[in-house]
Amino acid sequence: MPNLAALKPEMLYHRCDPAQFDFDNTLELEDLTQIFGQARAAGSVEFATGIDREGYNLFVMGSAGSGKHTMVREHLASKVKGEPKPSDWAYINNFAQPHKALALELPAGRAVALRDDMALLVEELRGAIPAVFESDEYRTRAGQVEAEFNERHEQAFAQLGAEAAQQEIALLRTPAGFSFAPLKGGEVISAEEYAKLPEKDKERIEHVINALQGKLENVIRAMVQWRRERREKLKELNREMTLLAVGHLVAELKERHSALPKVLEYLDAVQQDVIDNAEDFRRAAETQPGIPGMPIAEPPSFRRYQVNVLVDHGDPDGSPVVLEDHPTYQNLIGRVEHIAQFGALVTDFALVKPGALHRANGGYLLLDVHKLLVQPFAWEGLKRALSTREIRIESLGEMYSLVSTVSLAPEPIPLNIKVVLFGDRRLYYLLHAYDPEFPKLFKVAADFEDEFDRTPANNLLFARLVATIARRNRLLPFDRFAVARVIEHGARMAGDARKLSADIRGIANLLCESDYWARQAGRERAAREDVERAIEAQVKRADRLRERVQERILRGTVMIDTTGARAGQVNGLSVFQLGDFAFAEPTRITATTRLGDGEVIDVQREVDLGGAIHSKGVL
């Protein structure tokens with residue numbers, strides 16, 4: 001047996017000397033501006049957020065509590081301040097094809113202004129258009145059109161009546177229409193008198209009436225054409241009068257948005273639709289009381305003139321940084337909502353709602369990869385958007401043929417975004433191995449360290465970290481003895497006397513609990529004793545099972561010999577990790593020998609506890 005030396009106590013526990021610090025408490029230390037010991041990860045984050053190439057999205061991996069989210073968000077917060085604001089996006093009505101809503105890109109802050117302008121325009125038109133049609137000018141010109149038609153109508157029938165009278169035939173107007181009857185002495189003869197007429201006279205009268213009937217039909221056909229001409233003239237007059245009311249209002253909006261060609265095209269379409277549907281504004285102005293027991297007619301809707309603002313970048317500075325905590329498919333891509341109307345579900349462009357991709361477009365979207373993967377269709381939807389570089393809002397029911405109803409098909413919006421995924425290493429390597437699209441879309445990985453070297457320089461940085469956490473969480477200041485004890489506990493968490501744990505969340509929890517015990521003791525500063533008590537309390541809360549194991553050994557339920565030596569037998573430790581608490585249970589390991597058949601037996605292989613690499617090495 002090789003020479004074995006007993007470990008000295010100082011080798012088992014490396015204390016942190018408080019004398020190495022030149023501060024009395026953490027109030028004297030400056031805040032830590034960035035997480036230290038993560039130079040590799042910080043470089044990856046800076047590279048991924050700086051390169052403007054397709055597919056260079058970022059996957060941030062590391063243990064929980066290592067400060068991944070904090071570092072990335074702080075880096076992005078400082079980076080986006082100098083970046084230009086992205087465009088606003090809105091959906092507007094497609095007057096030619098209402099089921100295909102049009103996407104409208106506007107400079108930052110202009111979408112809300114256009115929405116308010118359109119709302120004001122509709123309100124002004126609801127008063128201006130009815131007023132124009134109630135004016136004396138409109139009534140006079142409309143009366144002229146009616147008078148012209150009536151004059152042509154009366155003149156045509158007067159000529160036909162005069163022609164018939166010359167041939168002793170009367171043109172009669174009846175509730176059923178026009179008819180002809182023979183005259184005698186200027187009076188219409190009765191049926192009895194007509195029956196007494198000679199056959200020759202009857203034949204003449206029938207011949208004349210048939211000829212006049214043909215001319216009457218020509219006049220009636222001409223009247224149909226005249227009515228059509230009258231309607232067209234009235235429509236043209238209505239368009240002219242509507243343009244008189246809407247033209248100058250739309251012209252003001254055009255002048256206000258003269259630098260935006262898409263808006264000018266939209267305003268032209270709005271003006272034309274208002275002219276074509278001026279009757280809606282006239283009906284909206286009429287207030288007729290409802291009849292009891294009768295349904296009230298639905299008033300005309302002016303929703304088609306609204307501007308549905310999806311994204312407004314008028315207030316914040318720089319590019320957006322969006323953290324989506326619940327990344328469902330609809331929360332990412334957006335959705336089209338429906339409203340119940342007369343027992344049916346209807347929708348339009350105003351019911352299109354944005355997703356996280358819309359809000360983060362032109363900036364950065366932060367997602368937890370585990371939450372993303374457990375949501376149905378969310379991962380595929382994100383990959384499709386990144387691959388096509390556009391946001392296409394589609395109903396899952398239509399996409400997978402679950403419903404057959406026709407829904408809205410909004411125009412896709414171009415996508416320019418940087419996605420940052422947070423997750424553990426296992427998910428990263430699984431996606432890299434089994435999803436061929438993943439390496440194309442997430443080309444940069446930021447791997448956070450679980451621990452870093454325990455050096456005097458890092459000890460001082462760790463002390464500044466303690467000071468930063470204390471100030472941000474409004475904790476009592478920690479004296480240098482307390483800071484030294486926190487550093488010792490950081491080495492304990494790392495499981496290496498020469499390393500410090502990068503579990504910032506665990507350190508922050510320890511500081512909060514130390515602050516509690518310091519306040520309980522009435523101290524103005526947290527001392528080493530408070531840190532010790534917080535550590536002991538953490539262990540006490542979690543070591544119920546360890547106490548039961550030790551109790552079984554002390555009572556002899558579990559036989560563990562701790563003195564002497566015995567052939568083929570040795571004591572070992574089985575380490576259990578339960579949550580954040582780890583403890584070891586003594587285990588007796590025995591060996592039995594016998595005359596074998598000349599083959600090497602690998603116990604790990606026999607019980608399926610070893611992998612292929614281990615078994616290959618042993619054999």
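Is Asp515 buried or exposed? Asp515 is buried, because its relative accessible area is 7%, and the cut-off for buried is under 20%. Keep in mind that this is a predicted model.

Now look at the partner of Asp515. The side chains of Arg519 and Asp515 meet in a salt bridge, with 2.9 Å from N to O. Side chains of opposite charge can pair when their charged atoms come close. Both residues sit in helix α19, four residues apart, so about one helical turn separates them. Arg519 is partly exposed, because its relative accessible area is 43%. So this salt bridge joins a partly exposed residue to a buried one.

Stay in helix α19, which covers residues 504-520. Ala518 lies here too. Ala518 is buried, with a relative accessible area of 0%. Follow the chain from Ala518 to Ala534, 16 residues apart in sequence. Their C-alpha atoms are separated by 9.6 Å.

Helix α19 also takes part in a link to another helix. Glu513 and Arg541 form a salt bridge through their side chains, at 3.1 Å from N to O. Glu513 belongs to helix α19, while Arg541 belongs to helix α20, residues 528-542. The pair therefore ties together parts that are 28 residues apart in sequence. Arg541 counts as exposed because its relative accessibility is 56%.

How many salt bridges does the count come to? The count comes to 38 salt bridges. One of them pairs Glu74 with Arg472. Their closest N and O atoms are 3.2 Å apart. This pair links distant parts of the chain, 398 residues apart. Glu74 is in helix α3, residues 68-79, and Arg472 is in helix α17. Glu74 is partly exposed, because its relative accessible area is 28%. Arg472 is exposed, at 53%. Salt bridges can also share partners, and those that do so here join Glu380, Lys383, Asp435 and Glu437 into one network.

Next, consider a charge with no such partner. Asp479 is placed in the loop between α17 and α18. Asp479 is buried yet has no salt bridge. Which side chain of opposite charge is nearest to Asp479? That side chain is Arg525, 6.8 Å away. A salt bridge needs the nitrogen and the carboxyl oxygen within 4 Å, so the pair does not count as one. What does the side chain of Asp479 reach instead? The side chain reaches the backbone nitrogen of Phe481, at 3.2 Å.

The loop that holds Asp479 also holds Arg474. This loop runs between α17 (456-472) and α18 (480-494). Phi of Arg474 is near 55°, a positive value in a residue other than glycine. Arg474 is exposed, because its relative accessibility is 75%. Phe377 also has a positive phi, near 70°, and is a residue other than glycine. Phe377 is in the loop between α12 (369-373) and α13 (378-388). Phe377 counts as partly exposed because its relative accessibility is 37%.

Finally, turn to the surface patches. Start with the charged ones. Arg227, Arg228, Arg231 and Lys235 form a positive surface patch. Arg231 is in helix α7, which spans residues 199-256. Arg231 counts as partly exposed, because its relative accessibility is 44%.

Helix α7 also supplies residues to a patch of negative charge. Glu123, Glu124, Glu252 and Glu255 form this negative surface patch. Helix α4 (110-133) and helix α7 each supply at least two of its residues. Glu255 lies in α7. Glu255 is exposed, because its relative accessible area is 64%.

What about nonpolar side chains? Leu7, Met11, Leu12 and Tyr13 make a nonpolar surface patch of about 420 Å². Where is Leu7 found? Leu7 is in the segment before α1 (9-12). Leu7 is exposed, because its relative accessible area is 56%, and the cut-off for exposed is over 50%.

Conventions. Residues numbered from 1 in each chain as written. Predicted model: local features only at pLDDT ≥ 70, side-chain atom pairs only at ≥ 80, totals over all residues. Heavy atoms only, no water. Patch = residues over 30% accessible without salt bridge, like charges linked within 9 Å, V, L, I, M, F, W, Y side chains within 5 Å. Areas by Shrake-Rupley, 256 points an atom, 1.4 Å probe, with all protein chains shown as cover. Lys, Arg positive; Asp, Glu negative; His and termini not counted. Charge placed at Lys NZ, Arg CZ, Asp CG, Glu CD. Buried < 20%, exposed > 50% of the residue type's maximum accessible area, 1.4 Å probe, protein only. Polar contact = N/O pair within 3.5 Å; in protein donor to acceptor, adjacent residues only side chain to side chain.
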